[in-house]
Each structure stands twice: as structure tokens, then as C-alpha cells.
Amino acid sequence: MADERSISIEVVYRGIFQKTLAQRICRSVVLAARKSGHTGTAFARYGDSPERNGVPAKQFAVVAADEIELEASMAKYEPAVVDISIAVDDTLAKGVESWAWYGRQPLWKPVRENGWLLVTSDKAPEAVLAQTDAAERPYTLGIIPGGASFAGLWVYKDDHTDYRVLGAIAKIAPQWMSLETAKSTALELAKGDKGAAASVQYGYDATVLRPVKKGEGTTGHEHLQFEKPGWTKMRPGIVVDARKPGERNPQYKKYTARTMRPVVNFDTCIKCTMCWLDCPDECFEVTPEGHYEVVYEACIGCGICAQVCPVKDCIVMVDELKFTDNTDKWQLWKQDRPKYNAWFEAMSGVSADPKKAVAPNAATSAGNANPAANPTTSAGGDD
Amino acid sequence: MAIETKLRESSEVETEQLATGCEAIAEAIRLADVDVMAAYPIRPYDGVMQAAAKLIANGKMDVEYIVADGEHSQFEIVKHACAVGSRVFVGSSGVGWFYAFEAIAVTAGLRLPVVAICGNRALDDPGAFGCEHNDALAVRDLGWLLCWAETAQESLDFALTAWKVGEDKRVSLPVAIGLDGAFLTHSQQIVKIPTQAAVNSFLPKFDLGDRLLHPDNPITIAPQVDQDWLMEIRMQNDQAMRNALGVITEAHSEFKRLFGRGGDNPFLDEFMTDDAEIVFLGQGTLSLPMKVAIRRLRKQGHKVGLVRLKWFRPFPTADIVKSLSRFKAVGVIDRDYSFGSPYYGGVLYNEIRSALYSVEKRPVVVGFIAALGGREIEQPMATEMFEKTMAAASGSLTSGDACHWIGVRK
Amino acid sequence: MAVEPKASDTPLDLPQIKAVKDVPYDELFVSGHRTCQGCESALVMRHMVKASGPRTIVLGSTGCMYVANTTYYTTPWVVPWMHTQLGASGSAALGTAAGLKVLMRKGKLKDEKINVIAFCGDGGGADMGLGAISATLTHKDYNSLVLLYDNESYANTDIQLSSQTPYGAVTTFSPTGTEKRLMHTRWKKNMPGMMAAGHPESRYIAAGCAAYAVDLMNKIRRALELGGPTFVHTLDPCPKGWDYHPQYSQELGHLAVETGIWPLYEVVDGVCNLTGPTRQIAEGRKKRKPVYEYLRRQGRFAHFADEDVEHFQAQVDKMWTEWLIPGVIPFTVPQKDTALLRIDKKAQPLHETAKTA
């Protein structure tokens, strides 16, 4: 650690879905540190509250050698700099836009030079790095094996993500949390379930560390930052200009709330308008042919369109990390249908040919391709 | 209720009426061509709503008169009517004022120039009708302008001034007018009713400009903010309140020019202070028995006077300092309480002391809690306050006797 | 953007929408609001202004649709919009409508039809703001619509119990625990029925659901067209508070109606019409689904034991078999009094029988 007297850890997560998960991680970091004689504090970022399903949020754990060190981290909304950032959903690699005027921020933004960015993912470090903003300073990317855990709110479906994360922290910051204290903390949290300690060990052993040099990563993501005007420039009476007809909110785009995105087979679309009608984020726009295309800058990936679409596999939800941009795809379909359909098939894993009822290719369509296969809660699926 | 009538023909000449403070305000509502008012019964302010209802019933004015389901609704109704460009009026008293308090707070935040009267009344429990100033004083930190009338005439004059100052774009803040319950709300006095033409030239039409909530001016008002924005918004309100001092001064001199009333100073009314060594300072109608006492004390050869504070917000710090630093001692009479405050003084006492703190040549300040619950100020009480202030002026004041309850049974 | 947005195609006189294809294309509530994935209440906002058109002023009381939607220094609203306090939706509607009316009468504003809609959540409307909404519904000279979007909890503040939270549901104020399985055992307040029964001069009261979008938009239009003070209550599946995957919002809306838990109806000038599947259920053309199909899909009912489901079913059955008007008026009359109380309009009232005797 650069500063051996304290360590700051943040957990970046999907609002509501992973709130309990983030809370468990931050609390267990502090409780584990306590076992080693340290003290600490855990808190959620107040600005994220009220949390919204899918919208990126943060919680923190700060551990210090003593109370005096800890005071420097108290009565704050968030630490300006963290030693370790943990993203519990790899699609957060595309950036974090938590509310209006916040802009889209690189996932590593608060990570100090030579700090760590840990991401739970079933992908290789290179794949995650390819979707992460180009580094402004060196850090180490760690991949904690496993998919995103949408463990739920009322009913917490523990898939041991929290324990694997503890193992990973023990690996990179043993002076604050030894493997043994991580394990005993996990055992307490899991009420004696030995599998929890095994998961800590697995996280410790299987986390892959990949040093990232300055400049590594993608420069393809949108730059979205805003200046805050002062009181002489702000309109009096708490007045804000209304949106103009046809405009979208330029100061809050919300696409970083998305873990999956819909792709549309325009050849099978029957122009029924249901996707457009039922979208709570106004993200569909009509084409001259009467199809409805997704404006990816506005889509937050709820999956309602896929659910209400009456045509099988016309709208398919696909893992967000498969995409590198937010360009609308209808133009491509218009210009080159075979090319578009090849793209559709590659992304969705289902045939674009309406005549072929091809079963999804298991290799390309991971669980994510079918939204019903990725319920976020125990009660969410059509079980 | 909507009674569609034409406005009364403008009266050509100033007339006189025997009117209560409430009835005088109702005349001001008529003269100001108020668009929306909301009523709910509570003594003693509601005399104004009764008087206004009668004016409407008799076709003397055209106002949307809404009988609300409670004070919170009353204040919310006029707040929203104001946002679409209506000149509005509302009021309450005592615990009714407090029932409306959420709406009262947001109206200032929104910078909407609602004009309200507070017919001052003691807060429950126990239920009480008499005058205390704690109800109106509760708005003192929120961004409401706040003034206190002494007479029915001044009630009318302040009301007209309130719309002019509150609606001024440099201010754009709500205004509350304190009317002492019973003594002013319910006592009839001779009131000069100005001509419509004079009022029209004094009071411009209400224009919210680009803050008007209307489909032709699409705006969003008051989105949720976080810590990144609120200090700047509060700063705008602070600036508006600072601007109000100058705007009140302008309005005062224009009022004086048109109507020939309003005294020398927009913020203070001084009585027998020219050669005074000690003065009393207070708000509202307690000035009246105090003037009687001062005349009596003068006859006995005491150099004593009275400073009546007309505007509590914005607090006229410079005028207060200039005026009070001429005297040896000031006896501040609070018709309010502030339990547990510095020296256990009233609200006004601590404001005056604070204003004088950095003045090199400052008078001794003595505080009196008096006339609570509508108790009258009797001459022996005035004598007692005089003696205590005199004693302080001669240097025998200790911090233990900085503030006194007057006329309370042991 | 695929095509330039069309010029406003929302007619000002608000005819009823016959089919989905007739739904106005223009968005008056645009993307970039901080609502949850799959937020049905956001959809209600969108449909509400689609139905009302651009000549509308919207007042929004505190709740999700305030805090999530309008984050300073931006807005998703194309139409003029103003915040109002949690319990003030009724007063906001009334004050705005009264202001417009008098200013137009006095010639201070151009005389034209401007729709006034104040929305509130179930906490703001059915709890805190009930009195003000009730008052507004008696002020028949002012044209306004109060829209209550009901996601069955104070979902904004952290999902706390409201008077609209269904029996037994988990909220942060009614968690399930080792000693108490159910912390909340009150039945949901019958808000639209109460509004209809209590405000005889309101020309339009309705219960809707965004899962039936055209039905909902037509209800909003009818409310605004009939004028005077009107009230529409929508049931909005809430993935956050109800704990289900956001993709199922529409399906849960359908299930709420198909199980008979949330009847769709409107009371127009004192005449009650059941609409959508609710009418089909009443006519016997559609069988009510068991409530279990609805309850099992939501994490907030995951702690239910069989007896809880049975109680829930029994209460819903009662709504349909015992209420005076199924799902609307929650009492009935003794059989012997059906003539006396004019339930049986053909029967001769008792006092007339007495006279002839």
C-alpha cells in the first residue's frame, strides 16, 4: 500500500440487484480487518440513494490502523481515491454514469496509481480490459472468476461471490486481511458453511492478476463530462429548461445501467409496435419502413421489449460486453441485409432466417442471450 | 367559487373607512386585483377572509376564492396559482401557520412571491387565542420577507408594498405581514383607502417572465438536487434577500410620494428619540401602550423614546446600528419567547444584540419578555421596564439580569 | 436517430384511441430519467403525457417519479413541469387550475384549453395527500386530473409500507422474521372506489394499468375531456420493491388484472363501466386466475405460507362475490333490503308498498 496506515476499498455494483451483495462485501472487509486488530467503516454512497435497478452504485469499506487514521475517511460521501475498486458485474467496465451531470466515468477513475481493479467475470482479463477505458495511470486488473451475481433484494441468493471477493482481497492486501481471517469471516457470515471458506480459497487461488500500463484499454467509449455552473449562471427559481420535442436528455444517458441489450431481427418484425409502446425508457424510434429500432444510447436493458414481442427471437437480449459501440443498427440493415443478419446471428446466437427455426447455439448464446435464463431474483423467473 | 363580475369602478378620490386590520387588508386585496386566494378558518387572521368573501359576494372584486381543506392546502394552492402567473394572497395564525409550514418553506425555496398575513396567535398547547409573535417569527430563516404592522392603515399599506417588493424580479420572494391578533386584526380604526388609479401606478402587473409555468414557456421547476447544487441555490436566495433592502427602500419612497404616508425610514419608526438617552424597541401594536408610557415618563423629565421595528426580514442591520448607537441603553420588548436562547432572551433581543456586537459605541441592551398570550401591556409594566433599562444604562446590569419576564405572577 | 421526429401529431381535442397504431408518436417525457430498469411508473408518465398532448402542465409530487425523473440541472420533461410536496398533489392541481382559469377570465392569459395533471404515488396520494385530493375532487369549477401511480410502497425512500401495500408483502417496514412471518396484515385501501363513492360531482374516476396502454391512455383522455376535477389510479408493477426481473413488468400488470386483484374500471358521470379483462371476467367470458400465479412471481411474497395465499385468495374472491359492485364498492346489502335500497330497481320500494297497502 502507498499509505500503510489505511486502505480504501469500493464496490461498484448494479443498484438494488446487488445492493445486498455490496453491503455484505463491505461489511465483511471491515469485520475481517477487525479480527486483525484494525478498525474500519463501511458506507454506501448517499448520492446513489434511492438506488434504481441496474443504475451503477457504490459502497465503500475503509480500514485503518487506528481511529485517528480512520477519521480522515469519515463524514464523507465517497473517498476521492481508493486502493482497490471491485466491480461485481463485468459490464461495468463500460463505465459508470450514476446520475445526471455525473457524466460517464471510467471504472478505474478513483483507483490510485498502482492500485487494483478487481472484476468478477467469466471472461479473460484481455476481454474485460478491451472494454475498459484506456488507463490514465498504471493499475493491476484482477479477474475474480464467476458471472455477475444478481443475488436479489428481499431474498438473497448467495452464490459465494462475496466470499470469492474476500479471497481476492486477501491475495492482494494480505497485510489488511490475511487468507485465514478472510476465511473465518466468511465462515461466520455463512453461519458455519464450510463451502464459504472454500470459496474464499478459490477466490484467492483463481483470481488472475494482469498489470495494466498507462494507455492500455479502449478509447472507443463516449466522453461524457459536464461543467457545473455557479450561482450567478444558474437560472433563478430552481428553473431548468424543458427538453425540446424530439430531443433526448443529453446530460443523463443511462446506458451504463445496462447488462444486456436487445438486438432486433428486422426481417421477422411484424411492426406491431409493442416494443415501442411498452418501453419505459422511450428508446425505440420508428424507421421509414415502420420497424422500430433501438437507440442504444437510451436503452437500459430491462428486457421488456424482448418479453412483449410476439415473434419468437425477433428481439433477443445479448450480453452487453459483446458490443463495442452504441451505434444504431438499422442503417446497416438498410444498406446490407446479409451483413446485418450475419451480425444479428453472431450476437444473438439465433438464426436471422425466419424460415429456419434453429435452436440457439449453445457455444455463442451464453445464459445471457435468453433473459429468462438470467433471472435476477429467486422469485423472478417463470419457475 | 367563481363570481364573475367586473371590477368596481376606480374610485376617483381617497375615501375613509372604519375598518379592522383584517378589513383593511381585504381592501388592499381588492385594490391589488389579486387573482387567487385560499381561505381556511382559524382565529384571528380569518377576519380578512371573511371580509374578502363579502367583497366578492357583493361584486366588489373578482378573485378566485378557494376554501381549502387545511392550511397546508391553502398555502400549496396559492403557491401553484402563483407559479402560473397569478397574484395571490393567503394567511393563517398560530398552529394553523405551523400546519402550513412545509408549504411555507418551499414557497421561499421556489422564489414565488406569495403574500401572506399572519394574524399573530399563541401556539397550542394549551389552546389560546391571544397574540404572540412566535408563529410569524418561525419563517425568519427561510427566505420570507417579514414585517409587522402597527395600525389598520399600516396593514393596508404594507400589503400593497408586499406585492410590489415580493414580485420585484430582484427579490422574487414571499412576504409575510404580522398583524397582532385581536389588537389589530379585530380593532376598527379609521383607514384611508387609496384610489385605484394611485394603486395602479404604484403596483405594476405581476410578471414572472421566463419563470412562468405555461406550455408556451416550457420549463421544469425544482428538480431534485444533490450536494453539488444546493449551496448555489441557497446563495441565490441569500442574494435576493440582500437585494430586498434596497427594493423596500425604493418602494417606501415611491409609496410616500404617491400616498404621503410611511414615515421617514422604511424599516424603523422612531418616537421621541431626538434627545433620548434610553429607548424601547419592539414590533407591532405594543408600541401603542409604550408611547403612552413614554409621554408620561417624559412629563416626569426622563429622556426616553421608542424605536419600532417595521421589517424583521430582511433585518435592517445598518439602520438599527445607526439608530441605536445614539442611546445609552435599549430595552427590547419581545412578544415572543425563545426558550434556552442566549441569556434566555426573546428572538428580537438576540437579533438586536447580534446586530450591535461589532459596534464600538454600543448601547446596553436589556431584554423583556412581555405581553405573551395576548396579555395587555399595562402602565406599571412599562414603568418596570423603564426602571430596569435605566438601571442598565447607569451600568448596574449584570449578565444575570440581562432579560426579564414582565408582568408574570409568581 | 432514424428519422426526424414528426411534427406534433397529437390532436388537441383528445379523441379516444382506437388501436395501438393510433397512439401519438411524439414523446413528451423523453429518455434520460433515472428510473429503474422496467419501471412501470415511468411508462405511466410517458403514456400520461402522450395522451394529454403538449398543451399540458404537469405537477409532480415527491416520490420516485419526482426524485428519479427530475435530477437537477436537467429534466426529461418536454411539457412544463413543477414539483409539489408529497401530500400536495390535490392542492397543486387545484391551485394551478384556478390560476389558469382566473387569468384567462381576466384576460391576463390567452383563453385556451390547458390540461392540468398532478401526479402522486400511493404514499403521496392514498396516505398523506388523501385529504387534499378529496377536496380537489369537490371543486367542480376547476379542470384538473390527479393521477395516482401506485407501486404499492414508498419505493423511492427505500420501499416502505404504504396503505396500498398488499396484504403480507415484505417492505423495509414490514420485513419477515423468525418470530413474525407477516408484519403487515392490513388489506389494501380501496382508493378509486372511495374516490368514486365520495365525490359525486367528479365526472370521471378510473382504475387503470399501463400493461393495458390504450385503455389507460383513453382513461386519461376521457378524464381531461370531461373536465372538472378527475382522478385516475394506476397499478404499476415495481421491479425494485416487488422483487422480480424488470422484463416481467407487463406480465405482472396483466396478472394483477387477470387474477381479479386489480379490477379495471371507470366511473363516468356516476356510471360504473368495467373495462378490459375485468369486464370479460365479470361477464364470465374469462376465468379469474388464481392469485398464486401472481404472488409466486414476486420476491415480496416469497415468505408466504399456504395459509397466507389462501387468505389472499379468499379476500379477492370476496371482492368478486360479495361486494355490491365487484371490485369497486366493498359492501353489500341484506337480501331482504335489495328492494328497499333500490339494488333491485324493478322491485317496488318498501315505502311505496306500505302506501299501497
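Biologist: How many residues does each chain bring to the contact between chain B and chain C?

Modeller: This is a predicted model, and in it the contact takes 38 residues from chain B and 43 from chain C.

Biologist: Which elements of chain B supply that side?

Modeller: At least two residues each come from β3 (64-67), α3 (71-83), α5 (101-109) and β9 (219-221) of chain B. The largest share belongs to α3(B), with nine residues. Sort the side of chain B that touches chain C by class, and you get 20 nonpolar, ten polar and eight charged residues.

Biologist: Which strand of chain C is joined to β9(B)?

Modeller: That's β2(C), residues 81-84; the two strands run parallel and are joined by two bridges. Look for Ile221(B), whose bridge partner in β2(C) is Met82(C).

Biologist: And how do I read the pairing of β7(C) and β8(C)?

Modeller: A general idea for strands: in a regular one, side chains alternate between the two faces of the sheet. Here, β7(C) (265-268) and β8(C) (271-274) pair in the antiparallel sense over four bridges. Glu266(C) sits opposite Asn273(C) of β8(C). The pair forms a hairpin with two residues between the strands, and Asp269(C) in the turn has a positive phi of about 45°.

Biologist: What about α11(B) and α12(B): how do their axes cross?

Modeller: Packed helices are described by the angle and the distance between their axes. The axes of α11(B) (317-324) and α12(B) (347-356) come within 9 Å and cross at roughly 80°, so these helices are roughly perpendicular to each other. Residues making the contact include Ile320(B) and Leu324(B) of α11(B), and Ile352(B) of α12(B). By class, this contact has six nonpolar residues, one polar and no charged ones.

Technical notes:
Residues numbered from 1 in each chain as written. Chains lettered and ligands numbered in written order. Predicted model: local features only at pLDDT ≥ 70, side-chain atom pairs only at ≥ 80, totals over all residues. Contact = placed C-beta atoms within 7 Å. Nonpolar A, V, L, I, M, F, W, Y, C, P; charged D, E, K, R; others polar. Pairing = 2+ DSSP bridges. Axes fitted to C-alpha atoms, helices over the stretch in contact; angles between N-to-C directions. Parallel < 35°, antiparallel > 145°, perpendicular 65-115°, else oblique.
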